[in-house]
Amino acid sequence: MRAARYHEYGGTDTLVVEQAPDPLPGPGEIRVRVTAAGVNPVDWKVRNGSVRDFLPVDLPAIPGRDAVGLVDRIGEGVSSVGIGDRVFGLGGVTGATAELAVLSAWAPAPANWSDEEAAAAGLASVTALGGLRALGQMEGLTLLIEGAAGGVGGAAVEIARALGATVIGTASERNHAYLTSLGALPVTYGAGLAERLAGLAPNGVDLALDAAASGSLADLVEIVGGPDRVVTVADHVNAQRLGVRVANAVNDSTLLAEAGAFGEQGRYVPRIEQTYPLEEIAKAHAHSERGHVQGKIVVTI
Ligand SMILES: NC(=O)c1ccc[n+]([C@@H]2O[C@H](COP(=O)([O-])OP(=O)(O)OC[C@H]3O[C@@H](n4cnc5c(N)ncnc54)[C@H](OP(=O)(O)O)[C@@H]3O)[C@@H](O)[C@H]2O)c1
């Protein structure tokens, strides 16, 4: 099969597109013929070696954590899916940006999502749902999302709105109209956030989800009145220091199905800033690494 790969840890110049062995699904897994794969910050953090101490990979490695495609092979013990079904989901830390990918968690891709939208939904939706669930019920509450214009933040905005929350999202000004289109009240991140929020939420903010590795966790704790009302998906170091819970993505088909159901209802539509062909995988990683993606970057296969 054709695949994006890197043979050593390093910059985007390590990425090549070449032939690689076809992967085989193990028990409980499926293989899909990939139509599109998501690009997530973890892809380039793994590729450049900065997280190798706790997320080591075998080299050469195929980048990519989530994908959409048609099921072409089914592992032992799997009965919930048939050959040719269109599913989106998650594999290992690597492996998705190739013609064939193995998934260990998946759900039917909503018919009203394009392949690009479905590819954008895997990691972002399970991370957003995990973070929101950790915060508890949302109905009638005001939720602040730090980093609301990114892949995880945008998914969290739409899903929290669907769960009945009033959502305030932080982003740079260029993304304020985008946040409004997702259903959030936009506010600029950085120094003075608490003062800016006073006008937007005169009765205060109840909960906060941090989806940006911006170092603002202590401010979020102060804004909502305690670490138990904050969850982060991005800032493990400050979370430990402040007693804030961390929600990490899990390969959970139930969460993917829940995200897909919101998709079918038109309440969660993954947004794509840019799509790249497989041959431009290095450009796709460089785009994500700049840190200001609006929605998601997707690679088509
Ligand atoms: N724990 C897990 O399992 C897990 C899973 C997925 C992701 N993550 C982590 O969660 C974070 C977000 O992931 P993602 O996929 O959503 O990333 P992303 O799509 O690359 O996020 C980019 C967004 O971050 C915003 N941003 C940049 N600087 C910011 C700041 N100082 N304050 C607030 N927002 C800022 C940008 O908004 P502007 O352009 O408006 O600046 C942009 O929209 C990453 O650190 C990622 O590694 C963790």
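Reader: What makes up the lining of the second largest pocket, by class?

Author: Eleven nonpolar, five polar and three charged residues. The classes are fixed lists: Ala, Val, Leu, Ile, Met, Phe, Trp, Tyr, Cys and Pro are nonpolar, Asp, Glu, Lys and Arg are charged, and the others, Gly among them, are polar. This is a predicted model, where local features need pLDDT of at least 70, side-chain atom pairs count only at pLDDT 80 or more, and totals for chains, interfaces and linings use all residues. Residues are numbered from 1 along each chain as its sequence is written, and side-chain values use heavy atoms, with hydrogens and water left out.

Reader: Which residues lie closest to the centre of the second largest pocket, and what makes them lining residues?

Author: The closest are Met1, Pro23, Ile62, Thr94 and Gly95, out of 19 that line it. A lining residue has an atom within 4 Å of a point on a 1 Å grid over the protein atoms alone. Strand 6 (residues 100–103) gives the most, with four residues. A strand here is a DSSP run of E, at least two residues; a helix is a run of H or I, at least four; both are numbered from the N terminus.

Reader: Why is one space called a cavity and another a pocket?

Author: The way out decides. In a cavity a 1.4 Å probe fits but cannot get out; a pocket is an open set with protein on both sides within 12 Å along at least five of seven lines. The search finds one cavity of 30 Å³ or more. It holds about 80 Å³. That volume is the space filled by probe spheres set on the points, which are joined across faces, edges and corners.

Reader: What lines the largest cavity?

Author: Fifteen residues, with Gly151, Gly154, Ala155, Pro270 and Arg271 nearest its centre. Helix 2 (115–135), helix 3 (151–162) and helix 4 (176–182) each give two or more. Helix 3 gives the most, four. The lining divides into eight nonpolar, four polar and three charged residues.

Reader: How do you know where the ligand sits?

Author: The test is a count of atoms: more than half must lie within 2 Å of the grid points. The largest pocket passes, so the ligand sits there. That pocket holds about 1400 Å³. Its lining has 45 residues, and Pro41, Lys45, Val152, Ala211 and Ala234 lie nearest the centre. Helix 1 brings the largest share, four residues.

Reader: What makes a residue part of the shell around the ligand, and how many are there?

Author: One heavy atom within 4 Å of the ligand is enough. There are 28 such residues, the closest being Ser172, Tyr189, Ala249, His292 and Val293. By class the shell has 14 nonpolar, twelve polar and two charged residues. Helix 1, helix 2 and helix 3 each supply at least two of them.

Reader: Why do Ser172, Asn175 and Tyr189 count as polar contacts of the ligand?

Author: Polar contacts are pairs of N or O atoms within 3.5 Å. A polar side-chain atom of Tyr189 lies 2.4 Å from a ligand oxygen. For Ser172 the distance is 2.6 Å, and for Asn175 it is 2.8 Å. These values fall within the limit, so the three pairs qualify. The protein also covers 85% of the 930 Å² that the ligand has on its own, an accessible area from the Shrake-Rupley method with a 1.4 Å probe.

Reader: Why is the peptide bond from Leu59 to Pro60 called cis?

Author: Omega is near 0 degrees. Most peptide bonds are trans. Pro60 is found in the loop between helix 1 and strand 4 (66–74).

Notes:
Polar contact = N/O pair within 3.5 Å; in protein donor to acceptor, adjacent residues only side chain to side chain.
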